[in-house]
Number of protein chains: 2
Amino acid sequence: MAGSLLTDLYELNMASSYLRRGMNGVATFSLYVRRLPPGRAFLVAAGIDKCLSWLEELRFDEEELEYLAALGFDSTAIEAFRGLRFTGEVWAVPEGRIVFAEEPLAEVSSPIAEAQLAETFLLNQLTFQTAIASKAARCRLAGAGRVELVEFGFRRTQGIEAAMSVARITGLVGFAATSNVEAARRYGLAPAGTMAHSYIEAFPTEREAFRAFASDLPAATTFLVDTYDTLGGVAHAIEVTKELGIASRAAVRLDSGDLVALAYEARRMLDEAGLEDVRIFVSGGLDERDIRRMLGAGAPIDAVGMGTRLGVSADAPYLDSAYKLVDYGGRPVMKLSVGKVTFPGAKQVFRAPGMRDLLGLRDEASPAGTERLLEHVMSAGRRLGPAGSLESSRRCFESDLSALPVSLRDLDAAAPAGPEVSSALRALVEEATATAVRAAGS
Amino acid sequence: MAGSLLTDLYELNMASSYLRRGMNGVATFSLYVRRLPPGRAFLVAAGIDKCLSWLEELRFDEEELEYLAALGFDSTAIEAFRGLRFTGEVWAVPEGRIVFAEEPLAEVSSPIAEAQLAETFLLNQLTFQTAIASKAARCRLAGAGRVELVEFGFRRTQGIEAAMSVARITGLVGFAATSNVEAARRYGLAPAGTMAHSYIEAFPTEREAFRAFASDLPAATTFLVDTYDTLGGVAHAIEVTKELGIASRAAVRLDSGDLVALAYEARRMLDEAGLEDVRIFVSGGLDERDIRRMLGAGAPIDAVGMGTRLGVSADAPYLDSAYKLVDYGGRPVMKLSVGKVTFPGAKQVFRAPGMRDLLGLRDEASPAGTERLLEHVMSAGRRLGPAGSLESSRRCFESDLSALPVSLRDLDAAAPAGPEVSSALRALVEEATATAVRAAGS
């Protein structure tokens with residue numbers, strides 16, 4: 001993923017023009033989400049680490065330069081690209097923190113060509129990973145600590161890299177395990193897996209399949225019971241569990257039909273057989289609303305497998321993210337397009353208790369009792385501190401989740417209105433508007 | 001992407017059990033889409049090539065085996081995994097072909113442990129790439145040959161790999177260009193790019209920005225005109241175009257507001273200035289319905305940039321795909337779960353003119369006047385023929401697109417009802433149902 005051509009052509013067009021003209025003034029770009037999608041009351045920041053790695057490695061190799069020359073970039077542009085590195089500053093909200101619309105997830109300050117080239121990669125990673133983290137956090141809220149969440153999305157994520165990101169992010173927000181073995185290995189997550197219908201069908205009878213699986217995989221005995229008839233499957237699972245004496249580590253998995261009714265009936269059958277320890281696992285196209293509904297109906301479920309609808313954030317598969325120039329060479333910048341007005345200036349988010357946020361300027365003093373959300377994470381093109389760890393992201397998330405106001409915890413909560421704006425930022429808006437009006441007209 | 005742990009844990013659980021038991025019978029798994037999502041009347045098959053590469057490279061290295069041992073797989077399982085390769089057969093619908101629900105996109109026949117291990121990777125790639133190809137084909141239909149389509153999705157796709165796949169697939173279905181430079185290089189696509197608002201804002205005035213861009217990038221002079229005021233921007237673009245004499249290669253890009261009204265007005269202004277050759281490019285959260293609406297309103301647009309909503313297939317970000325065991329050791333297999341009944345047996349799709357498809361068995365003779373959709377693409381674990389080329393996929397798509405019945409070409413067309421089923425397959429369903437009932441009960 002380190003390729004420096006992982007960018008939109010227009011970034012290279014603009015960068016070449018800046019470099020040719022000696023336009024080396026420091027630009028600040030602000031990356032934020034304009035509006036939250038329907039059904040989202042907050043975002044969970046994610047993905048900054050890959051961005052910093054990409055920036056650290058930004059340089060065009062000879063093959064890339066040859067390709068650019070073949071596209072028509074002249075020798076002046078090619079020489080400029082050859083020497084280009086990212087030498088700038090990055091501020092970012094730490095991964096795992098809860099943020100809202102209009103609040104920068106990250107800001108980049110560097111000579112303008114460099115910051116411009118960073119746009120596509122940063123937007124791609126921060127948009128996607130934040131979208132997934134925000135969806136997964138809703139699942140966590142729905143589970144309310146009463147069920148274990150397991151990530152099952154690999155087969156339907158938008159590619160393999162997406163599957164890896166999804167597994168990592170669900171681990172970040174408190175999922176108990178992932179089905180994705182490579183992600184479990186790479187990120188130190190717990191892998192989890194049951195069996196497929198095909199396993200049952202490869203044996204002459206369901207009972208034989210259950211017996212074989214329990215013998216061969218003593219550590220992972222979750223019986224998938226809906227291949228033929230769900231309650232018949234539960235009966236077979238009970239029989240094999242008792243026969244092999246594995247109640248303490250067995251579970252049944254319900255994967256189709258009316259999961260609430262089936263969970264009640266399976267629980268009753270298990271309890272009557274003296275198998276109170278056998279757990280009930282449900283799956284099958286579920287999302288956070290299904291979890292809420294099932295728990296609301298008192299369904300006796302212990303764990304939920306969350307696949308596709310989590311893995312692509314099906315109800316909101318993207319965020320309305322933007323990467324906007326807010327300052328160039330010390331001049332505050334803003335855009336006046338209909339419906340797309342931007343706040344000028346390098347920013348900071350000041351958070352008071354209760355997640356009452358104030359959008360202000362990077363250079364402002366913190367109002368009393370507030371913390372600053374954006375941290376300085378890269379200077380002169382090098383990371384300040386070690387690469388982000390999943391553990392520190394988890395701590396950020398747990399801390400913010402516990403501080404999330406009650407009014408935002410419901411799955412149907414509306415997003416807060418736009419952030420409060422500091423008086424310094426308001427003054428800058430007036431100044432930048434006047435400048436923009438002049439730029440438009442003259 | 002070659003890692004053999006890119007799979008769900010349950011695949012490894014099941015495979016280890018099969019290998020331990022010497023269950024080496026040949027299994028056939030069928031990968032298909034159960035139901036098309038709302039708003040889809042057909043699918044365009046895509047993604048098989050990466051699957052074949054992964055299967056050819058399937059083998060666990062020592063680090064992977066060590067990880068599996070650490071997870072608890074015993075030495076018998078580890079030794080079996082060490083020797084495992086994919087030695088089977090794959091049939092697939094060629095990339096670019098149009099298919100429907102219930103029709104296999106691919107079938108895998110091999111010793112059961114191998115075919116089982118293939119499930120996650122194949123589902124991931126075929127589901128995602130087919131979803132995108134199907135969305136992009138709708139954009140192509142909406143464009144109706146009247147506008148050039150340019151893929152702009154990179155910044156909001158679900159990861160970098162997804163961006164690469166999306167660019168390639170849009171090239172496959174006839175998009176003119178992509179903004180993604182690395183994808184253009186890797187896949188031989190035309191890269192395209194304009195300028196961002198930030199470029200305009202980095203100059204003191206819009207006019208100066210336009211002049212600089214046109215001088216520095218003579219081959220790519222598309223003026224983004226909505227930074228301050230769209231029609232004011234058009235006026236500046238006209239001025240600079242005439243001043244530099246670049247009418248034959250200039251364009252204006254409208255990116256916000258009422259694009260139909262603005263396109264009319266921009267066209268009028270350009271024509272009055274004698275700039276009939278200057279093209280109009282539109283963008284900004286557009287999908288295939290927007291294209292239809294704009295063209296239906298007679299908007300004088302020449303090209304459309306399609307970003308996020310194409311790049312994540314926003315209205316249908318996943319497909320209801322399945323990978324089902326349909327035969328094991330010569331015994332036809334089917335599942336009886338509520339709402340998830342499957343067709344048993346290794347299959348073939350027989351297509352009569354007018355895309356009237358018959359779902360039958362692989363071993364059936366072709367009914368007169370039909371072609372067979374599934375081709376034998378891998379034997380004994382090796383590709384039959386060279387890796388798929390984008391050019392051959394394009395030809396498949398163009399041929400099928402021209403044959404697509406009028407009734408399925410409208411963006412609101414309903415999907416055809418389930419496929420017709422051959423009498424041989426119907427007979428097999430009866431046989432397999434009886435077997436499944438026995439397996440459930442005994």
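1. Let's start with where the two copies touch in this predicted model. Of the interface residues of chain B, 100% are also interface residues in chain A, so the copies meet through the same surface. For this purpose, two residues are in contact if their C-beta atoms, placed from the backbone, lie within 7 Å.

2. How many residues does each chain bring to the contact? Chain B supplies 89 residues, and 89 residues come from chain A. On the side of chain B that touches chain A, helix 1 (residues 9-20) of chain B gives the most, with eight residues. Sorted by class, that side of chain B has 44 nonpolar, 29 polar and 16 charged residues.

3. Next, try laying one copy over the other. Chain B is superposed on chain A by a rotation of 180 degrees, with 0.0 Å of shift along the axis and an RMSD of 0.0 Å. This is the relation of a two-fold axis.

4. Now have a look inside chain B, where six strands form an open sheet with parallel pairing. Their order is 7-6-11-10-9-8. Why is one side of strand 7 and of strand 8 left without a neighbour in the sheet? Strand 7 (177-178) and strand 8 (221-224) of chain B stand at the edges and each has a single partner strand, so one side of each has no neighbour there.

5. Finally, zoom in on one of those edges. Strand 6 (residues 148-151) of chain B runs parallel to strand 7 of chain B, and two bridges join them. If you would like a residue to find on screen, pick Glu151(B), which stands opposite Thr178(B) in strand 7 of chain B.

How values were computed:
Residues numbered from 1 in each chain as written. Chains lettered and ligands numbered in written order. Predicted model: local features only at pLDDT ≥ 70, side-chain atom pairs only at ≥ 80, totals over all residues. Pairing = 2+ DSSP bridges. Helix = DSSP H or I, 4+ residues; strand = E, 2+ residues; numbered from the N terminus. Least-squares fit on C-alpha atoms with pLDDT ≥ 70 in both. Nonpolar A, V, L, I, M, F, W, Y, C, P; charged D, E, K, R; others polar.
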